[in-house]
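Subject: Structure handover

Hello,

Here is the structure I said I would pass on. My notes follow below it.

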Amino acid sequence: MRWGGGLVGLSLLFGLAVPVQAAGVVARHAWLAQLVKQDRFDPVWLDDLLGEFEAGARPRVPPKPAVPRTCFTTQPPVVKAQVEKEGRRLMSTHKDLLKRVEKHYGVPAPFVVALWGIESRYGTDMGNFPILKSLFTQAVGRSSRVPFFREQLREFLLLSREEGWDPRVPKGSYDGAIGQVQMLPGTLRRHAVDFDGDGRRAVYSSPADVLGSIAAYLADNGWRRGQPYSLPVAGKPPPGVAVSRTLSKMPPWKWWRKKGLRLAPGVAEPPADLPTALIKLEERGRDRYHVVFNNFRVVTLWNRYRPFAMGVGELAARVARKGSRE
Ligand SMILES: [Ca+2]
């Protein structure tokens, strides 16, 4: 079945008279017609491509695991140990490549490898949903996220055209995250790079493109070389010192010091003028406090959930342990 019936769909695309339709269907057709006009997609090709998906026939979503895979801080210790071990092995396997990535983008190898491990288990778990079907069925659904999925579907079609992909082929997450980097199509179009220079951004298969793209995203979003990521606070913050609500405006570290905030024993002080935020992590009934800096903020642009960024820092520290570098 074509979307809304092939002839009706095409008649709309070509601006012909249309029978009375449900408002939602008309809106959907208007959106597809706009895609054709705006991005010069062939209407017959588009109709053929999307026609097999019936509106509302969503891909079956498996139940969510108790521990989200992308939150390293909450993974069971045995899983953490496995991810760390594999990460350290890959740090060694890709040592030369990671050096080039670090030199070019200024992002240390352990952070690049940590994001790779957390997002796709180093490329072994990229999601099994056909991206086109996932995005289309959610783009014509009824949820408040319809505009988001419409935009991502458009980005996916553009990306497929640019990269020479058959849009029917790529698989990924239910939300449309693609490849070993698990970036959404729009993010991928803006930030992914062809780091091995073969003319394609092979985020499914090329370690150079995968690692380069992760570092490029971080660099594009303001990663700074040589700055600390997060440091543990001694105990609880003093009374009257609140956790930062935003990471977009950070006072300097000396401001926090003046308020009485202290780092855990043995932790080296950051530069006094370094912009600093205070975060709290609730873990197994215990609150932990950390001060975090610009590069932590950059990772919250990748995933705004603060424990995600904390997990990236934790895994980066683990894979960087003795024996993993040089
Ligand atoms: Ca490439």
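To start with one helix: which residues are buried in α12? They are N295, F296, R297, V298, V299, T300 and W302. Please keep in mind that this is a predicted model.

Helix α12 covers residues 294–302, and 7 of its 9 residues are buried, so the rest of the structure largely encloses it. The buried residues of α12 pack against two helices, α10 (207–220) and α13 (306–319), and two strands, β3 (230–232) and β5 (286–292).

Strand β5 also pairs with other strands. It runs antiparallel to β3, joined by 3 bridges; S230 has V292 of β5 as its bridge partner. Strand β4 (residues 277–283) is antiparallel to β5 too, with 7 bridges between them. Here L278 is partnered with V291 of β5. β4 and β5 form a hairpin with 2 residues between the strands, and R284 in the turn has a positive phi of about 45°.

Helix α13, one of the elements packed against α12, also packs against helix α4 (residues 77–93), at an angle of about 60° and with the axes 9 Å apart. Because of that angle, α4 counts as oblique to α13. The crossing of the two helices is right-handed. On the α4 side the contact is made by V83, E84, G87, R88 and M91, and on the α13 side by L315, R318 and V319. By class, this contact has 4 nonpolar, 1 polar and 3 charged residues.

Regards

Conventions: Residues numbered from 1 in each chain as written. Predicted model: local features only at pLDDT ≥ 70, side-chain atom pairs only at ≥ 80, totals over all residues. Buried ≥ 20, exposed ≤ 12 C-beta atoms within 10 Å, placed from the backbone. Helix = DSSP H or I, 4+ residues; strand = E, 2+ residues; numbered from the N terminus. Contact = placed C-beta atoms within 7 Å. Axes fitted to C-alpha atoms, helices over the stretch in contact; angles between N-to-C directions. Parallel < 35°, antiparallel > 145°, perpendicular 65-115°, else oblique. Left-handed = near helix turned anticlockwise from the far one by under 90°. Nonpolar A, V, L, I, M, F, W, Y, C, P; charged D, E, K, R; others polar. Pairing = 2+ DSSP bridges.
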